[in-house]
Amino acid sequence: MDETQLKNFATRYTAAWCSQDAARVATFFAEGASLQINDGKPAIGRDAIAADAQGFMTAFPDLVVTMDGLSIDGNRAVYRWTLTGTDTGPGGSGNPVRISGYEEWTLGPDHLIAESKGHFDAADYQRQLAARGADG
């Protein structure tokens, strides 16, 4: 995949995250792909990846993901992103959240993600979820 193709792929991937359609996110992954977020247990396969994506989409019904950058090195790429949303899903805090992170992708011969290792500051994320609003 060349740089232009990768940018197009990442732009469509970003749009999928903003779509509130977790199955759409999963289509960017190969059938047996894995998605690991920080040091968590990897989600293996499209159904498991869709379930992980759905967790964020449910927690943040107004979820917006923006692409902050993209780099490529052979069959590996780094996708940098920022997630913003309000934690108003079931049992949510009602707090606004803004976190940035990145995914390290290994791309397969089918030009889909074979492996993604996602990273973000989990402590900051938890702090934002627990923070009291300015009025609270």
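Which side chain of opposite charge is nearest to E103, and how far away is it?

**Entry 1, ground rules.** I am reading a predicted model, in which local features need pLDDT of at least 70 and side-chain atom pairs count only at pLDDT 80 or more, while totals for chains, interfaces and linings use all residues. I number residues from 1 along each chain as its sequence is written, and side-chain values use heavy atoms, with hydrogens and water left out.

**Entry 2, E103.** I found E103 in strand β5, residues 96-107; strands (E, at least two residues) and helices (H or I, at least four) are DSSP runs numbered from the N terminus. E103 is buried, which means under 20% relative accessible area, whereas exposed is over 50% and partly exposed lies in between (1.4 Å probe, protein chains only). To answer my opening question, the nearest side chain of opposite charge is R80, 11 Å away, and E103 has no salt bridge. Here Lys and Arg count as positive and Asp and Glu as negative, with His and the chain ends not counted, and a salt bridge needs a side-chain nitrogen of Lys or Arg within 4 Å of a carboxyl oxygen of Asp or Glu. I did find a polar contact between the side chains of E103 and Y13, at 2.9 Å; the term covers a pair of N or O atoms within 3.5 Å, where within protein one must be able to donate a hydrogen and the other to accept it, and residues adjacent in sequence count only if both atoms are side-chain atoms.

**Entry 3, the core.** I then looked up the largest nonpolar core, which has 36 residues, and Y13 is among those with the most contacts inside it, as are W17 and V25. Such a core is a set of buried Ala, Val, Leu, Ile, Met, Phe, Trp, Tyr and Cys residues joined through side-chain atoms within 4.5 Å. Its largest share, six residues, comes from α1. Leaving aside neighbours within four places in sequence, I see V25 in contact (heavy atoms within 4.5 Å) with Y13, A16, W17, A53 and M57.

**Entry 4, salt bridges.** I counted two salt bridges by this rule. In one, R46 pairs with E31, with the closest N and O atoms 2.7 Å apart; because R46 lies in helix α3 and E31 in strand β1, the pair ties together parts that are 15 residues apart in sequence. R46 is partly exposed at 24% relative accessible area, and E31 is exposed at 58%. In the other, D124 meets R127 at 2.6 Å, N to O, and both lie in helix α4, three residues apart, about one turn of the helix.
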